[in-house]
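Thank you all for coming; I would like to take you slowly through one chain, beginning with a single residue and working outwards. Please keep the picture in view while I talk.

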Amino acid sequence: MSGLLQVGIELNQIHDFHTLMERILSEARHLLGTDAGTMFMREGDYLRFAYFQNDTLARRSTTGETPRVSSFRLPLNDRSIAGWVALSGQSLRIDDCYAVDPTMPFRFDPSFDQLLGYRTRSMLAVALKNRAGRVLGVVELINPIGTEDVPRDGFGAHDTSLLEHFASIATVAIERAHLTESVILRMIRMAEVRDPSETGPHVERVAGYATVIFEEWARRRGLDGASFERQRDRLRIAAKLHDVGKIGVPDAILRKPGRLTPEEFEQVKRHSEIGAELFEDQPTDFDEAAREVALHHHERWDGQGYPGLLEGLSRRGRRGEEIPLFARIVGLADVFDALSSRRAYKPAWAEAHVLETIRAEANRAFDPELVDILFRRLPEIRSIRDAHRDHDAAESSDAGA
Ligand SMILES: [Fe+2]
Ligand SMILES: [Fe+2]
């Protein structure tokens, strides 16, 4: 029980919603010792298949991580296991998903198993219910494995009450992170009013790319565990807020169709300092990360970026590792995304062209190690890009100059 309490405290220290959900799933799996797990989140009359972890599949994959599967939505009805649990609010324990009690309205959907070459046997599904009884989502734990000494292949009544207890602790953390997330999204939306290229999907992609790059950077240095996770959490949020300073740049400049005059460009550059000011005076390390990224994401590895450092009476760009790591990562992720996307002044570039340009800028605009990492983790970068497409992506091919 005190272990559960500790987990609750730790969950409440995570700011970023996505990081929190992955952590909740891994803690739940750890608690009950299962091979796999899935989390569905409620979106109105649907359930989104949002998080998925599977040790067996992770061991088979080259990266050692669960392969990313594209997210999808189920209608919220009692024909699926998750839907039944979400609607009834009751937990469900199934010994063999391929032999579900025929009197029940739901069936197990084996298409996922077939696609991935996996066999889902027993499952324990519990609703994530808040204090008011509202169901926010459903967690499904799959295939308990136990330990080498005590292998196990099914769930018991004790498991159900343990997972229900854990779910109620997790739900408190989820609601709190929801609040943080919605404040951040509103800040981003305010910036988007000024600069239409700074969209929700753009910041999601930049945060996603930045996370993948940081994970690999940390893996190479043998960093993992709680402090790594906390840093990644901060980076994700800071990445989303990299351009909030645009709220301080006049519309007439940000929306100007033609070329900017040098004076106008100076005003655009101000967004990095304006953004940093938003996070000043706050002593939390989350604000510190957001400040660093907002301030330095336009620095260049060769020292030709901005806003740079004051040296004597003049300013010079920061170079190399003078630029904080998070800002180097987000700067690369931001440019990669801007080139890959349609903007008012350019069409979306083909991936090969984007990669060639990025490669040529290693050691010039970008930290060469981070460029190398981006190339190595391309499959994940692509799947993030595809998961957060621009709303107008369908028409982007006809975008002209
Ligand atoms: Fe920027
Ligand atoms: Fe951006």
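Let us begin with A36, which counts as buried because it has 23 C-beta neighbours inside 10 Å; a residue is called buried if 20 or more other C-beta atoms lie within 10 Å of its own, exposed if 12 or fewer, and partly exposed in between, with the C-beta atoms placed from the backbone. Before I go further, I should say that this is a predicted model, in which local features need pLDDT of at least 70 and side-chain atom pairs count only at pLDDT 80 or more, while totals for chains, interfaces and linings use all residues. Residues are numbered from 1 along each chain as its sequence is written, and chains are lettered from A and ligands numbered from 1 in the order in which they are written.

A36 sits in strand 1, which covers residues 34–43, and the chain as a whole has 15 helices and eight strands, these being DSSP runs numbered from the N terminus (H or I over at least four residues for helices, E over at least two for strands). If we leave aside neighbours within four places in sequence, A36 is in contact with Q53, N54, D55, I142 and N143, where contact means that the C-beta atoms, placed from the backbone, lie within 7 Å. E280, by comparison, lies 244 residues from A36 in sequence and 42 Å from it in space, C-alpha to C-alpha.

Stepping back, the chain is divided into domain 1 (2–177) and domain 2 (195–398), with bounds that come from an automatic or database domain assignment. Where the two domains touch, eight residues come from domain 1 and nine residues from domain 2, and the C-alpha centres of the domains lie 34 Å apart.

What, then, is the size of the largest nonpolar core? It has 42 residues, and those with the most contacts inside it are L20, A125, V138 and V139; such a core is a set of buried Ala, Val, Leu, Ile, Met, Phe, Trp, Tyr and Cys residues joined through C-beta atoms within 7 Å. A second, separate core of 40 residues includes Y209, L241, A365 and V371.

Finally, for the whole chain, buried residues make up 36% of the 401 residues, and the C-alpha atoms fill a box of roughly 75 × 50 × 40 Å, taken along the principal axes. Thank you, and I am happy to take questions.
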